[in-house]
Amino acid sequence: MSTSEQPREQQTGAELRPEPSAHVAQATAGDPAHLDLAGVSPTSPVGRLAATVDRLRREVRTAQAEAEGRALIELAKGILVERLGCGPAQAARQLAELAEQAGVTPLEFAVEVINQAARDRVSEVADAFLAAAAGAPERDTTAVRLRAAESGALAADDTQAVADSLLEHALRPLGAVAVAVWAADADGSLTLAGSAGFSPAEATRWRYVPPEVATVARRGLTERTGQWFASLAATGLPTIGRHMHPDGGRVAMPAGTGGRIHGVLEIAWPGPLEPQSPQVVRQVDALAELCAHTLETYVPRPETGHEPRVLPDAAELMDLADGLHDPALVLVPHIDGSGQLVDFRIQHVNNRFLDPAGRPRAVVSGALLLEAYPMAAGKSELFQRVERVYATGEPFRARRMQLTALVDQVSLAAVADISISRHGNSVLLIWRIEDETARLASLLQHAQRLGRIGGFEENLLTGEITWNDQLFHLYGRAPSSTPVPLEDLPAHAHPDDAVALGRFLRTVLHQRRPSSAAFRLQRPDGVTRHIRVVAEPVLDTDGRLFVVRGAYQDISAQHWTEVALAATRDQLAHTEQQATERNRLTLQLQHAIMPPTQAPLKVSGLEVAVRYRPAETEQLVGGDWYDTVVLPSGLVLLCVGDVAGHGIEAATSMVVLRNALRGLAVTGAGPGQLLSWLNIVAHHLTGAVTATAVCALYDPDRRVLRWARAGHLPPVVVRGAEASPLPLVKGLLLGAVPEAVYEEAEVQFAPDDTLLMYTDGLIERRDRSVEESLTHLLTTARSAPKTLDQQLDRLLTYSRSDTDDDTCIVGIRVA
């Protein structure tokens, strides 16, 4: 180099030094260590010290940014040296001149050269960002940030440095505050290989996650498309730094190459994460690929407390497969030219391997899995299982899995227990095909045991007798004892069964026809069992009897069940007869007290009519009652009631309450006092029964009705074309408490007014509320016929009750 050229080269080198304006501002803008000097005097000692520290930190950040920029420029110079065939000095001059012509900084032009030369995933993401960017600053810095992150990741000596570089250059501009890089082990566990933005204590606490523990990172490992969580609170999954940003967004992106996932890239945002653009999603995906290259060679440090498993190589795995007693395949990934996993090659088959299609082992070994067994990607999803195990390292095991995928379409399907596990870069596939004959024999043995069945075969020519274990158990004999010949069967049975056994033996041995018989077997231990024996003769080609096959079945449980059922049927018949007689007496008692029809009660200035409708089912005889009596004072006692329950108890309780109220009414007490006394009777004197009732005293001279209620439905007044219930007064049902007080109310009647008192059997329905049923009753009562009897009959006719309960109606019409 001449002396005249040297100043120009020095000047060119100065021009190639990266300008810190945009890149350095980006490096220092989000610095958490930047000091806030507001409120501190710059001339004070503390202010000078704070300013010095702040200046030194900015200079360090600037130096780091310039170093990363120089690395990118040197990489671009190397590309120009290779493409142009020139020296480093000429490449530097060419880079400076082209940058000046393009009107960009040398750093930005260097990144463009690298993108054009690489045309990788990072370049695609950068192009997408540049195409979608609205302003020049974004266009100038996006590609620089991504290439700086890639440069820092590839130049880092450990995964921790990769995490620092990704957070600083690529993720902070997206709003992220922390990042964690997880390494996936072959057993499905996760190790924190590096993190940035989380506290050291948090990183230590999450240094190792055992297999099958549900976390955000594990979700990204199992869901290979990546997981974007808008908020951690909605997931309920634990993860690193959850308490720092409980409502923050998270992204868990699998980091893998060649079909194998080496780990997970987890990114944290401080607040809820909004749906991101496709460009951001592609950028995160590209950053995960950068992590995958670093995780390929990752080895956990000793301080993690988790020692990585020593995985066998392919040769050791093949030796392991040969030592197994089940068929096994050793599979290795088959990668295409673009680096994608497309299939698995069958590297080795062990000595136990039998091809379901009958092909030699040499034909299968070395072939691709989908070529040898095209149906492996079918319904059984065997190929997908192998692919998932290889990707995540988590083993897969299944019992009784259909292996139709491993068989040609002309072959039968097989059922097998499957085990798939990853060892290093290989996959071990083991299966144990179930023997159908052994399975059926096992099922038959269990069926005989559960059915208490024992089989036998007796050769009449040689005298050889074969019993199974269950038959020895039925006879109560040891398995080493001598079986009992068929002709000696009567000697082991109850004497009363000799005739039936003789007929059975003649049919089988002499008539040579199948037969069966039931008898009582007397065992040596003194236990008697009820047995059914079934036998059939086996004839040779000449029609001679030479073998008898059959079975014994213990039917003791069935016999005693039949005996118990016969006794139960007798008891049920007796009980049914008693219940019928009881219901007949109850119904007679009820009809004797309250006939279904009764002549109207004639009172001066008042017409009284009653209706009683018994339950449609005789077994549901209830405790509904009514009473209308003219007292010595000239007042008219009107009451209806309903005792809880059905049957004779309810009917007798009804008689007690009805007669007690009739006797108490002659004292001249009001309806409230009468119900108070009746409550004492119900609680103390009738076995603590409960009942509802309405009690009223009508004064014909004044046309005034005094009434009270005890938990009963209110009476209804029909006046002209209107019908409405009386306002409720307080009153607890009878018998609930020892003492109770009941309110009274008075109603003034006018001529032609009608009062209706009824029990709930008139309106009660299972599918409607009481309010709805009462509304229907009021609608029916408004259209009153001419006579009171017709009106009561109409209410019974149009009643929508469906509970089959007794019904009482008392109607009073004022003249």
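Visitor: Which residue in β5 is the bridge partner of Phe 229?
Guide: Arg 250 is the bridge partner of Phe 229. Strands here are DSSP E runs of at least two residues, helices are H or I runs of at least four, and both are numbered from the N terminus.

Visitor: Before going on, what kind of model is this?
Guide: This is a predicted model, in which local features need pLDDT of at least 70 and side-chain atom pairs count only at pLDDT 80 or more, while totals for chains, interfaces and linings use all residues. Residues are numbered from 1 along each chain as its sequence is written, and side-chain values use heavy atoms, with hydrogens and water left out.

Visitor: Back to the strands. How many bridges join β4 to β5?
Guide: Three, and β4 (residues 227-229) runs antiparallel to β5. Two strands pair if DSSP finds at least two bridges between them.

Visitor: And how many join β5 to β6?
Guide: Eight bridges, again with the strands antiparallel; β6 covers residues 260-268. One of the partnerships is Val 251 with Ile 267 in β6.

Visitor: What do β5 and β6 form?
Guide: A hairpin with two residues between the strands. Gly 258 sits in that turn and has a positive phi of about 60°.

Visitor: How many residues of β5 are buried?
Guide: Six of the eight in β5 (residues 250-257). Buried means under 20% relative accessible area, exposed over 50%, partly exposed in between, with a 1.4 Å probe and protein chains only.

Visitor: Moving on. How many residues are in the largest nonpolar core?
Guide: It has 29 residues, and those with the most contacts inside it are Trp 625, Leu 657, Leu 675 and Leu 734. Such a core is a set of buried Ala, Val, Leu, Ile, Met, Phe, Trp, Tyr and Cys residues joined through side-chain atoms within 4.5 Å.

Visitor: Which element gives the most to this core?
Guide: α21, with seven residues. Elements that give two or more residues include β19 (622-630), α21 (648-665) and α22 (671-685).

Visitor: What lies apart from it?
Guide: Another core, of 28 residues. Among them are Val 179, Val 181, Ile 267 and Leu 295. Ile 267 is also the β6 residue bridged to Val 251.

Visitor: Aromatics next. How many aromatic pairs does the count come to?
Guide: Seven. Rings of Phe, Tyr and Trp (its six-membered ring) pair if their centres lie within 6.5 Å; planes under 30 degrees apart count as stacked, over 60 as edge-to-face and the rest as tilted.

Visitor: Why is the pair of Trp 467 and Tyr 475 tilted?
Guide: Because the planes of the rings are at 40°, with the centres 4.8 Å apart. Tyr 475 also pairs edge-to-face with Tyr 552, at 5.6 Å centre to centre and 85° between the planes.

Visitor: Where do Tyr 475 and Tyr 552 lie?
Guide: Tyr 475 is in helix α18 (residues 469-475) and Tyr 552 in strand β16 (residues 545-554), so the pair ties together parts 77 residues apart in sequence. Both tyrosines are buried. They belong to one aromatic cluster with Phe 456, Trp 467 and Phe 472.

Visitor: How many disulfides turn up in a search of the whole structure?
Guide: Zero, where a disulfide is a pair of cysteine sulfur atoms within 2.5 Å.

Visitor: Is Cys 291 buried or exposed?
Guide: Cys 291 counts as buried because its relative accessibility is 1%. Cys 808, at 0%, counts as buried too.

Visitor: How many helices and strands does the protein chain have?
Guide: It has 24 helices and 27 strands. Buried residues make up 45% of its 815 residues.
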